[in-house]
Structures are given as C-alpha cells and as structure tokens.
Amino acid sequence: MGFEVIGTGMYVPGEPVTNTQLTRVMDTSDEWIHQRSGIRQRHFAAEGQGVSDMAFEATKRALEAARIGPKDIDYILFATMTPDYVFPGSGAVLGGKLGINVPALDIRQQCGAMLYGLQLIDGLIKSGVAKTILFIGAEAHAGFMPWDDWDILEGKTDRKQTPEQRERANKHRAVAVLFGDGAGAMVFRATDRDAGLIAAKVHSDGTYVDELLIPGCGFKTRPYCQPRLYEEMLYVPYMNGKEVFKFAVTTLPKCARQLCEESKTPIEKIDWFLAHQANARINDYVREQLDVPVEKMPMNIDRYGNTSAGTLPILIDECTRDGKLKKGDLTMMFALGAGMHWGCALVRW
Ligand SMILES: CC(C)(COP(=O)(O)OP(=O)(O)OC[C@H]1O[C@@H](n2cnc3c(N)ncnc32)[C@H](O)[C@@H]1OP(=O)(O)O)[C@@H](O)C(=O)NCCC(=O)NCCS
C-alpha cells in the first residue's frame, strides 16, 4: 500500500510585486535581489486574507483536478508558519470553510514541512487511518514585512514615506526581499499501485534556532504581544543569511547522497529533483554537487520568491499542469527551513 497524488492546485494573491516596486519602500534594486536569489517578483496576501483563505482557493482547484468533493477528504494536514491565529490551527479553519469536520493537523517545520508531511501521509495511509488526505502548504508572510506603507508599495498614493519608516524597512531588507505569499494544495490517496514514498530522511537541529527565527511575539514574554515588540521590530524574522546558506549547501547534497545510497537508488534514475525555492543559488549549488542536469530541476522562484511551506506544493502543481510530472516518474524532493528542519525524500509518482 502506498500513496498517489490525484489532484493539485495553487493560489497566489493579487498582482505580482516586482523587485523594482520594492524600491518604493526600501533601498534595494532588481539587480541586487536577482543576482543573490534569482527572484524577480512575489505576491503578498491582502489585509484580512489569511492562509486558510488562500488554502481554500488552492484546495478548490486541487479537488477539481482530482474530480472529488470536500466530503471525500478524510484527513487535513496543514503546513504553515504564518497561521491565521496563534490558535487554533489553520487546518480546522480550512475544514470549516470546506464544510467538513475531519481530523485536521497543523505542522510547522517552516520551509522543510513538505518532507515531514510526506512521512505523515505515508504513515496515515499505511496504518489505515486515512485514505484521502488533503495536504496544504500556505504562507501569509505579508504580516511580518518591515514596512507599513502598503499604499506606497502598491502605488495607490502620492504620500511620501517618512525617513523613519524607510529606515525601519532598510534594517530588514535582506530578509524582506526573499519572501512571498501563496498556497499549494495536494490530494493524496491510498493506492495498490507501485507508487508513493520510497524513502525519506528528515532531520532537525535546534541548536541553530537563533540563526533564523521570529525573535518576538512568542510566549516567553508577558503579554506575548506588546508595543515594545513592534518598536524593536521583533515581529520581523532575523536571519543569519550567510550561515543559513552555508548550512543548506553542506547538508542538502549530503542528505540526498545518503538517501540514494541507503535506498540503492542511482541518482541518474531520478526523473525530477523538486527543490524548495529559497534561493536559486542554493539550488544551483546542490544540483552541481549532485551532477544533475539543469533541465531535471524545475524552478519558479523568479515568480513567487520563497513561499516557505507553500513552495513545494506550488512547484508540484505547476509541474503537474505543464505535463512534466507523470505517473511512474521518480522524484527526489528536498528542503531546508528554520529550526533547522531539513530533509529529502524519494517519491514514485
Ligand atoms: C540573504 C542573502 C541573499 C544575503 O546575501 P549576502 O551576500 O549574505 O548579503 P549581506 O547580508 O552580507 O549584505 C551584503 C550587502 O548588501 C546589502 N543589502 C542587504 N540587503 C539588501 C537589499 N535587499 N538590497 C540591496 N542591498 C542589500 C547589505 O546592507 C550589505 O551592504 P554592506 O556590504 O554595505 O554592508 C544570502 O545570505 C542568502 O541567500 N542566504 C540564504 C537565505 C535562505 O536561503 N533563507 C531561506 C531559508 S528557508
């Protein structure tokens, strides 16, 4: 017994925001951003639009592709680090929007969530707990962007940004330019076909917590939400970019090689390398280390930026719809995110 993906869907909010548009609220440039990350544009969730709203749109498309209705889903797995509420989880909120009251489990492995999700899906299906699982990866990073001047960014006003607001945005420009919002949905179903998870390796290392995190708005402070956290901008992620880059390019090729060795899978037999889209330079480096041809690693970071947990489901939806991913294909997925959490998985389509 394994799983197969019977439908996928994605949703990104509003119009794309280009690198050049970002110069309206901070000192940056298309050249700086594109050279270092491969990103040209991203989308941002609107005020009042949460991950459950974006997930609902992506789910409608995935269910349509799978030719099933919400009532056919018997489990929801929702991966996000930017939930609608601190509690409850966004999976239950989505279930409510879909009109179903099945088990709903939120997971928060940030950009590494898909790998953990695959292990859970495999376990739930093999143990007979679920037959049809809706997996969501969705993020609304707009809430932690370091500017307040959305009207200026969107070109809706002649108002000028104050020097103080520009300084606040500039303080976090290296992180802010990397992220974008969106949702990807995948419907997994139990199958007797030779498909599903072949092998996975997932890891975490909490000693790296200070290298990539949102330092404030957790429950170590009383109250957890207070004006000081806004003043000191502790709601914006801190990232030691160089350290995260180094960590990714050393651990990911090693993880992929080990997985191939342990599962006796020659790397050249893999049809597609589906990589988390955090930085095109990280993916290029991993691809070169593994000696993988460029056409085997599809990328879409130029259009969406890093959508954290949304990234792999969005990429997979695009690769399914454009006919790349086909039944029987062998894929390797890999990703790394805050925690650190990282891993890779071999999946037969
Ligand atoms: C974030 C990242 C692109 C930054 O690149 P970098 O070369 O390390 O850049 P630095 O932060 O050292 O900054 C270099 C210079 O660019 C400037 N800079 C930072 N952000 C900028 C921006 N958006 N636009 C223009 N200049 C910027 C800095 O102020 C610095 O200027 P200085 O040399 O005058 O002090 C890079 O470290 C990276 O990709 N890391 C991995 C991140 C990642 O994958 N995270 C996702 C994990 S899920």
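This dialogue goes through the sheets and salt bridges of a predicted model.

Student: Why is Asp-149 called buried?

Tutor: The cut-off for buried is under 20% relative accessible area. Asp-149 has 4%, so Asp-149 counts as buried.

Student: What makes Asp-149 and Arg-159 a salt bridge?

Tutor: A side-chain nitrogen of Lys or Arg must lie within 4 Å of a carboxyl oxygen of Asp or Glu. Here the N to O distance is 3.3 Å. That is within 4 Å, so the pair qualifies.

Student: Why is this pair said to tie parts together?

Tutor: Asp-149 lies in the loop between S6 and helix H6 (150-153). Arg-159 lies in the loop between H6 and helix H7 (163-171). The two parts are 10 residues apart in sequence, so the pair ties them together.

Student: And why is Arg-159 called partly exposed?

Tutor: Partly exposed falls between under 20% and over 50%. Arg-159 has 39% relative accessibility, so it counts as partly exposed.

Student: What joins Asp-149, Asp-151 and Arg-159 into one network?

Tutor: Salt bridges that share partners join these residues. The whole structure holds 17 salt bridges.

Student: How do you know that Lys-201 forms a salt bridge with Glu-262?

Tutor: The closest N and O atoms are 3.1 Å apart. The cut-off is within 4 Å, so the pair passes. Lys-201 sits in strand S8 and Glu-262 in helix H10, 61 residues apart. The pair thus links distant parts of the chain.

Student: Buried or exposed: which word fits Lys-201, and which fits Glu-262?

Tutor: Lys-201 has 15% relative accessibility; buried means under 20%, so Lys-201 is buried. Glu-262 has 55%; exposed means over 50%, so Glu-262 is exposed.

Student: What makes Asp-284 and Arg-287 a salt bridge?

Tutor: Their side chains meet at 3.6 Å, N to O. The limit is 4 Å, so the pair counts. Both residues lie in helix H11 (residues 280-290), 3 residues apart, about one turn of the helix. Asp-284 has 27% relative accessible area, so it is partly exposed. Arg-287 has 12%, so it is buried.

Student: Now the sheets. Why are S1 and S5 said to stand at the edges?

Tutor: The open sheet of 5 strands has the order S1-S7-S6-S4-S5, with mixed pairing. Strand S1 (2-11) and strand S5 (104-107) each have a single partner strand, so one side of each is left without a neighbour in the sheet. The twist averages 20° from one strand to the next.

Student: How do you know that S1 pairs with S7?

Tutor: Pairing needs at least two bridges. S1 and strand S7 (residues 182-191) are joined by 9 bridges, so they pair. They run antiparallel. In S7, Gly-184 is the bridge partner of Met-10.

Student: What makes S8 and S11 edge strands?

Tutor: The open sheet of 4 strands is ordered S8-S13-S12-S11, with mixed pairing. Strand S8 (196-204) and strand S11 (272-275) each pair on one side only.

Student: How do you know that S11 and S12 pair?

Tutor: They share 4 bridges, and the requirement is at least two, so they pair. The sense is parallel. Phe-273 has Met-332 as its bridge partner in S12.

Student: Which helix packs on this sheet and touches S11 and S12?

Tutor: That is helix H13 (residues 311-321), whose direction makes about 145° with that of S11. H13 also lies across S1, S6 and S7, at about 95° to S1.

Conventions
Residues numbered from 1 in each chain as written. Predicted model: local features only at pLDDT ≥ 70, side-chain atom pairs only at ≥ 80, totals over all residues. Heavy atoms only, no water. Contact = heavy atoms within 4.5 Å. Axes fitted to C-alpha atoms, helices over the stretch in contact; angles between N-to-C directions. Buried < 20%, exposed > 50% of the residue type's maximum accessible area, 1.4 Å probe, protein only.
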